[in-house]
Amino acid sequence: MYPLIGPKYVATKKSHLGINTTLHHWSRCNIPFEVDGKAILPKKYTPYDRNAYGDDPEVLAQALSEVVIDFKFNEFQAAFVYYPTIDSMGHKYGPNAEETIFEVRMVDDVINGFLNDLEANDLASTTNFVIVSDHGMSDNFNRVRASLGTPTFSTFSF
Ligand SMILES: [Zn+2]
């Protein structure tokens, strides 16, 4: 019996669904989760590695390419792909900064390629594609944000 809470790959592997999940660059996807005394991992995963990722959207494109291949040929039905750079640019430069907008455009191009790839492989009509974020951002010029340790002052909040 698989629990309803826990890592995404555990929830999708519930026995009555039998969904095979692949995770790319997802934090802690390489740490086994115990279910009924048995340690399980996703069927396929690429661990998160900030150093390997850098700010290269080509890494995202490669992961999405693998998802299409896995959906078409390798009996996977769910995939989770993490890409950190829009968030990190927003934190570093602000939500409306040129650097952040540039990154959004790069990712938009990568996603366009992914959607075309799904279409070319007859997967578009059977694939749900969802983009999520852990939080939003807004410019906020009059707020001061303090963190544990050294106080930080920011021109935006999140
Ligand atoms: Zn963030």
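**Figure 1. Secondary structure of the chain.** The chain has five helices and seven strands; helices (H or I, at least four residues) and strands (E, at least two) are DSSP runs, numbered from the N terminus. Read from the N terminus, the elements follow the order α-β-β-β-β-α-α-β-α-α-β-β. The model is predicted: local features need pLDDT of at least 70, side-chain atom pairs count only at pLDDT 80 or more, and totals for chains, interfaces and linings use all residues. Residues are numbered from 1 along each chain as its sequence is written.

**Figure 2. Confidence along the chain.** The pLDDT, the predictor's confidence in each residue on a scale from 0 to 100, averages 82 over the chain, and 75% of the residues score at least 70. Among the elements, H5 has the highest mean pLDDT (96), whereas strand E7 (residues 156-157) has the lowest (50). Where pLDDT is low, the predicted coordinates should not be read in detail.

**Figure 3. The largest nonpolar core.** A nonpolar core is a set of buried Ala, Val, Leu, Ile, Met, Phe, Trp, Tyr and Cys residues joined through C-beta atoms within 7 Å. A residue is buried if 20 or more other C-beta atoms lie within 10 Å of its own, exposed if 12 or fewer, and partly exposed in between, with C-beta atoms placed from the backbone. The largest such core holds 16 residues, and those with the most contacts inside it are Leu60, Ala63, Leu64 and Val67. At least two residues of this core come from each of strand E1 (21-26), helix H3 (57-73), strand E5 (78-81) and H5. The greatest contribution is that of H3, with six residues. In soluble globular proteins, nonpolar side chains tend to be buried together. Over the whole chain of 158 residues, buried residues make up 20%.

**Figure 4. Leucine 60 and alanine 63.** Leucine 60 is found in helix H3 and is buried, because 23 other C-beta atoms lie within 10 Å. Two residues are in contact if their C-beta atoms, placed from the backbone, lie within 7 Å. Not counting residues up to four places away in sequence, leucine 60 touches Val81, Tyr83, Val107 and Val110. With the same residues left out, alanine 63 touches His24, His25, Thr46 and Val81. Although leucine 60 and histidine 25 are 35 residues apart in sequence, their C-alpha atoms are 8.9 Å apart in space. Among contacts in the chain between residues at least 6 apart in sequence, 46% join residues at least 24 apart.

**Figure 5. Strand E1 and the loop after it.** Histidine 25 is in strand E1 and counts as buried, because it has 21 C-beta neighbours inside 10 Å. Its phi is positive, about 60°, although histidine 25 is not a glycine. Tryptophan 26 also has its place in strand E1 and is buried, with 22 other C-beta atoms within 10 Å. Leaving out residues up to four places away in sequence, tryptophan 26 touches Tyr48, Phe80 and Tyr82. From C-alpha to C-alpha, tryptophan 26 and threonine 46 are 7.4 Å apart, with their positions 20 residues apart in sequence. Arginine 28 is in the loop between E1 and strand E2 (33-35). Arginine 28, which is not a glycine, has a positive phi of about 65° and is exposed, with 10 other C-beta atoms within 10 Å.

**Figure 6. The packing of H4 and H5.** The axes of helix H4 (residues 85-93) and H5 come within 8 Å and cross at roughly 170°. Axes are lines fitted to C-alpha atoms, for helices over the stretch in contact, and angles run from 0 to 180 degrees between N-to-C directions. H4 and H5 are therefore roughly antiparallel, a term for angles over 145 degrees. The contact is made by Thr85, Ile86, Met89, Gly90 and Tyr93 of H4 and by Glu99, Thr100, Glu103, Val104 and Val107 of H5. By class, this contact has five nonpolar, three polar and two charged residues; Ala, Val, Leu, Ile, Met, Phe, Trp, Tyr, Cys and Pro count as nonpolar, Asp, Glu, Lys and Arg as charged, and the others, Gly among them, as polar.

**Figure 7. Glutamate 99 and aspartate 122.** Glutamate 99 lies in helix H5 and counts as partly exposed, with 15 C-beta neighbours inside 10 Å. Apart from its neighbours within four places in sequence, glutamate 99 is in contact with Met89 and Tyr93. Aspartate 122 lies in the loop between helix H5 (98-120) and strand E6 (138-139), and counts as exposed because it has 9 C-beta neighbours inside 10 Å. The C-alpha atoms of aspartate 122 and lysine 72 are separated by 8.7 Å, although these residues are 50 residues apart along the chain.

Conventions:
Parallel < 35°, antiparallel > 145°, perpendicular 65-115°, else oblique.
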